[in-house]
Amino acid sequence: MSNTNYQICTRTIMDTSDPSIVFNDSGESNYYTKYADLVANVSKSTADSTKIKRLVEKIKSNTFNSDYNCAIGLSGGVDSSYLVHFAIEHDLRPLLIHVDTGWNSELAVKNIELLTKISGFDLFTYVVDWEQIKDIQLSFLKAAVPNQDIPQDHAIFAAFYKTAINHKIKWVLNGSNFATESILPSSWGYQAGDLAHIKDIHYKHSTTPLNRYPSMGYIDYSASILLINRLKVVKPLNLIPYRKNDAINILSNIYGWQYYGEKHYESLFTRFFQSWYLPTRFGFDKRRAHYSSLILNNEMSREEAMEKISVPAYSDSNFNSDISYLASKFNLTSVEFLSLLNSPLGAHEDYKQSKTVLKALTKARKIISRLL
């Protein structure tokens, strides 16, 4: 089917801003038609108490570390915060790990403090070297590729797993879930796990050595995480009837947690990247994917989503103050920062990618997992 003319899904609000989208004769997008298969695979529609009980028992039987039987990466956002609530409910002993990339909002910091204090869980904060990550982020801005969150996401991923390994923790509770993330078009960005991609962009746009940045390539992840240290990564939110609005209400009422607006807006850079950079520079709004996921999860009507998406994600009144703040963080003048935001657009395909390596490792991991 051709996407030359504009079209929007009749069931969600995904549209042809995703160049890979396809529609059937009823105008339903591939995201809608594939959703039933997704939820069937993760048993999301009703709570599976047997699976949850079995999972919790396995985690509690972990004897590698007497202090902690699992780890949770805590950003202060909805999903990771709800995992803390899950751990409290099931009497788990997690080490909370927060990776500070220098862009925390005040609300995110406050949420982390509240959850840590009330839960009584230990918190380990890994502070990424600011000069190093700043330089990598500037390299990505110069490359003008769509996914500007790769430097942050990769550092968080690598630092979290290295911290869990250092503490001899074998179980990781991951907040990823199909309820709020069933839709994420690959055409809108690129994977944050590709270290070769990061290094190539940095090499071509900077002369600073990449030696203090927490990193973990695909091979390192497969060898260190899955084979040598045998970490088990599980997604408990896919075993319960997880609903974002219910999670927000529980977190707010029990812990005094506060919502920050949209998905991933606990990071000030991500807020600007998602609400201004992507819609303005590349013409797509990630809220379409986020709202469409909620539509499929029966948390938002299509009409409500259409109304919300009609309002710009970014307020022009905040532009000057945000530009001034972001420029100062990068040690640039506002004029210099604006010039970066107006440079010719780039593409992730312009730089090295490890898709072949990832495909081979994914296949190998499946075989090894069956054998083990």
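His197 touches Ile150, Tyr190, His348, Tyr351, Lys352 and Gln353, leaving out residues up to four places away in sequence. This is a predicted model. His197 lies in helix α8, which covers residues 195–205. Its relative accessibility is 0%, so His197 counts as buried. Compare its position with that of Leu138. His197 and Leu138 are 59 residues apart in sequence, and their C-alpha atoms are 15 Å apart in space.

**Helix α5**

Leu138 is one of the buried residues of α5. Helix α5 runs over residues 130–143. It has 14 residues, which should span 20 Å at 1.5 Å a residue. The end C-alpha atoms of α5 are 20 Å apart, so the span agrees.

How much of α5 is covered? Eleven of its 14 residues are buried, so the helix is mostly covered, given that buried means under 20% relative accessible area. The buried set takes in Gln132, Ile133, Lys134, Asp135, Ile136, Gln137, Leu138, Ser139, Phe140, Leu141 and Ala143. Charged side chains are in that set too, including Lys134 and Asp135.

What covers these buried residues? The cover includes α6, α8, α11 (268–282), α14 (319–329) and α15 (334–341). Helix α8 is also the home of His197.

**From α5 to α6**

Ala144 sits in the loop between α5 and α6. Its phi is positive, at about 55 degrees, although Ala144 is not a glycine. Is Ala144 buried or exposed? At 0% relative accessibility, Ala144 counts as buried.

**Helix α6**

Helix α6 comes next, with 17 residues from 150 to 166. From first C-alpha to last, α6 reaches 24 Å, close to the 24 Å expected at 1.5 Å a residue. Like α5, helix α6 is mostly covered. Twelve of the 17 residues of α6 are buried. They are Ile150, Pro151, Gln152, His154, Ala155, Ala158, Ala159, Phe160, Tyr161, Thr163, Ala164 and Ile165. Ile150 links back to the opening, as it is one of the residues that His197 touches.

Just after α6 comes Lys168, in the loop between α6 and β4 (171–173). Lys168 has a positive phi near 60 degrees and is not a glycine. Which side of the burial scale is it on, buried or exposed? Lys168 is exposed, with a relative accessible area of 54%.

**Two helix pairs**

Now look at how helices pack. Helix α6 packs with helix α9 (residues 218–228) at an angle of about 30 degrees, and their axes are 11 Å apart. Angles under 35 degrees count as roughly parallel, so α6 is roughly parallel to α9. The α6 and α9 crossing is left-handed. In this contact, Phe157, Tyr161 and Ile165 of α6 meet Tyr221, Ser224 and Ile225 of α9. By class, the contact has five nonpolar residues, one polar and no charged. Tyr161 and Ile165 are also among the buried residues of α6.

The second pair is α12 (residues 287–296) and α13 (residues 302–309). Their axes come within 10 Å and cross at roughly 165 degrees. Angles over 145 degrees count as roughly antiparallel, so α12 is roughly antiparallel to α13. The crossing of α12 and α13 is right-handed. From α12, the contact uses Arg287, Arg288, Tyr291 and Ile295; from α13, it uses Arg302, Ala305, Lys308 and Ile309. Four of these residues are nonpolar, none are polar and four are charged.

**Tyr255**

The last stop is Tyr255, in helix α10 (residues 244–255). Tyr255 has 5% relative accessibility, so it counts as buried. Which residues does Tyr255 contact? Setting aside neighbours within four places in sequence, Tyr255 is in contact with His85, Ile88, Leu114, Leu115, Ile118 and Ile250. Tyr255 and Val145 are 110 residues apart in sequence and 39 Å apart in space, C-alpha to C-alpha.

Here are the accessibility values side by side.

| Residue | Relative accessibility | State |
|---|---|---|
| His197 | 0% | buried |
| Ala144 | 0% | buried |
| Tyr255 | 5% | buried |
| Lys168 | 54% | exposed |

Note on methods:
Residues are numbered from 1 along each chain as its sequence is written. This is a predicted model: local features need pLDDT of at least 70, side-chain atom pairs count only at pLDDT 80 or more; totals for chains, interfaces and linings use all residues. Side-chain values use heavy atoms; hydrogens and water are left out. Axes are lines fitted to C-alpha atoms, for helices over the stretch in contact, and angles run from 0 to 180 degrees between N-to-C directions. Helices (H or I, at least four residues) and strands (E, at least two) are DSSP runs, numbered from the N terminus. Angles under 35 degrees count as roughly parallel, over 145 as roughly antiparallel, 65 to 115 as roughly perpendicular and the rest as oblique. A crossing is left-handed if the near helix is turned anticlockwise from the far one by less than a right angle, and right-handed if clockwise. Contact means heavy atoms within 4.5 Å. Buried means under 20% relative accessible area, exposed over 50%, partly exposed in between (1.4 Å probe, protein chains only). The expected span of a helix is 1.5 Å times one less than its number of residues.
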